[in-house]
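Dear colleague,

Please find below the structure I promised to pass on to you. My findings follow it.

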Amino acid sequence: MIAIAGRATAEGTQRYKQRHHQNCAADYFREANSLVASSIGIGTYLGEPDECTDTLVTAAVIESVQQGANLIDSAINYRYQHGEISVGKAIRQLVASGDVSRDELIICTKGGVLPCPNPNPADWFYRHYVEPNNSSISMDDLAEERYCIHPEYIQDQLNKSLANLGIQTIDVYYIHNPEKQLAKVEPDIFYKQLRTIFEVMEDAVLAGKIANYGLATWNAFRVPPTQSDRIDLSRAKSIAREVAGNRDDRFRFIQFPLNMAMPEALLSPTQTLEGEQISTVEAADRLGIAAIASKSICQAQVAGKIPENIASAFADDRLQTDCQRALQYTRSAPGLLSALVGMKTPKHIRENLAIAAIPQLEKANFHKLTHLIAKELKRN
């Protein structure tokens with residue numbers, strides 16, 4: 001199979017927007033790092049690693065792209081590589097049919113979490129990466145039996161992701177949950193590890209394997225500076241700039257959970273920039289890093305659970321379900337590029353992408369909702 005050439009470009013993503021803008025609100029598409037992205041992105045996390053789910057995910061990606069979502073997110077560990085393989089099938093069908101050009105899609109994936117179905121991932125890691133004795137990877141490089149950011153391991157995972165996706169260049173390659181390393185090493189050692197990984201990433205940019213890179217996290221950008229698994233975004237960006245030298249670095253994206261029940265990355269002063277305590281989203285904006293939300297609708301756990309006083313505060317009859325309200329809230333967060341949501345059925349695709357025609361919440365309404373949600377969370 002010949003890999004699809006190209007990458008997302010300013011011209012291509014703008015072309016995609018122009019083709020879909022008549023069905024979307026004016027603020028549905030947003031720009032970051034010269035790329036135009038849909039404010040709703042396609043997530044591919046959940047599901048069984050079987051042929052039935054593969055078919056559903058491939059069909060969902062195709063329909064989502066046809067309906068106005070051009071940011072696609074996956075990871076090598078999602079459904080033990082089946083997530084990427086399903087996305088790859090969708091990309092090939094979309095490009096072959098002429099529905100889109102490769103340069104219109106922003107394709108993102110991640111490496112750093114073991115993609116093994118084995119009930120004992122440490123054994124799998126040993127057999128595949130330590131026992132062969134053809135690299136410098138050791139068992140000491142494994143954190144919590146699931147996470148590894150050794151440079152040779154990440155290079156291996158990147159190459160596998162390119163093969164799974166069937167493309168020559170990944171638009172955004174994330175290091176996945178790197179904060180897990182902080183459970184076993186001191187911060188200074190961790191940032192040295194990060195420097196080594198950023199060197200690998202910058203080399204991958206020069207080789208044409210990736211266009212940009214970032215950090216996809218769970219806790220790192222939501223917890224206070226006093227917590228051990230917090231990552232200093234300014235320090236990470238500074239390292240990227242040093243590694244890039246006389247070129248502009250390509251550390252340009254971060255991903256973190258953000259939803260009605262997990263607002264910390266937006267509201268809590270978890271980052272320090274020029275002596276000021278600010279939120280992760282604000283710090284990212286000042287540093288020229290695009291922020292993307294994962295778990296935007298709490299994996300649909302909000303369904304039927306949003307209290308009436310909060311639901312009515314959205315003040316828009318077009319938002320008919322709790323999942324729509326939750327997604328509208330997340331994608332309206334000031335400073336956010338896109339909110340990811342997993343979709344596998346035509347019903348859910350229609351439900352989620354119906355929001356594309358609705359303008360994002362005005363800031364006053366967003367802050368009102370945030371206040372109401374905070375009161376509700378305290379009550380519970």
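The coordinates are a predicted model. I begin with helix α5 and work outwards from there.

The buried residues of α5 are Y153, I154, Q157, L158, S161, L162, N164 and L165. An α-helix has 3.6 residues a turn, so residues three or four places apart point the same way. Helix α5 spans residues 151–165, which is 15 residues, and it extends 21 Å from its first C-alpha to its last, close to the 21 Å expected at 1.5 Å a residue. The elements that cover its buried residues include the helices α3 (82–97), α4 (121–130) and α6, together with the strands β5 (106–111), β6 (170–176) and β7 (210–216). After α5 comes G166, which has a positive phi, near 70 degrees.

Strand β6 deserves separate mention. Seven of its seven residues are buried, so β6 is largely enclosed by the rest of the structure. It pairs with β5 in the parallel sense over four bridges, and K110 stands opposite Y174 in β6. Six bridges join β6 to β7, and these two strands also run parallel; here H176 stands opposite A216 in β7. Between these two strands the chain passes through α6, and the resulting β-α-β crossover is right-handed.

Turning to the interior, the largest nonpolar core has 108 residues, and F125, F198 and F251 are those with the most contacts inside it. Helix α6 (residues 187–206) gives the most to this core, namely nine residues. Leaving aside neighbours within four places in sequence, F198 is in contact with Y213, L215, A236, I239, A240, V243 and F251. Another core, of 15 residues, lies apart from the largest one; A37, C108, Y174 and F253 are among its members. Y174 is thus a member of this other core and the residue of β6 that stands opposite K110.

As for the chain overall, there are 13 helices and 12 strands. Buried residues make up 57% of the 380 residues. A compact globule of 380 residues would have a radius of gyration near 21 Å, and the 20 Å of the protein chain agrees with this. Its C-alpha atoms fill a box of roughly 60 × 50 × 45 Å, taken along the principal axes. Of the contacts with a separation of 6 or more, 78% are between residues 24 or more positions apart.

With kind regards

Notes:
Residues numbered from 1 in each chain as written. Predicted model: local features only at pLDDT ≥ 70, side-chain atom pairs only at ≥ 80, totals over all residues. Heavy atoms only, no water. Core = buried A, V, L, I, M, F, W, Y, C linked by side-chain atoms within 4.5 Å. Buried < 20%, exposed > 50% of the residue type's maximum accessible area, 1.4 Å probe, protein only. Contact = heavy atoms within 4.5 Å. Expected span 1.5 Å × (residues − 1). Pairing = 2+ DSSP bridges. Right-handed = clockwise from strand over helix to strand, strands pointing away. Rg over C-alpha atoms; globule rule 2.2 N^0.38 Å.
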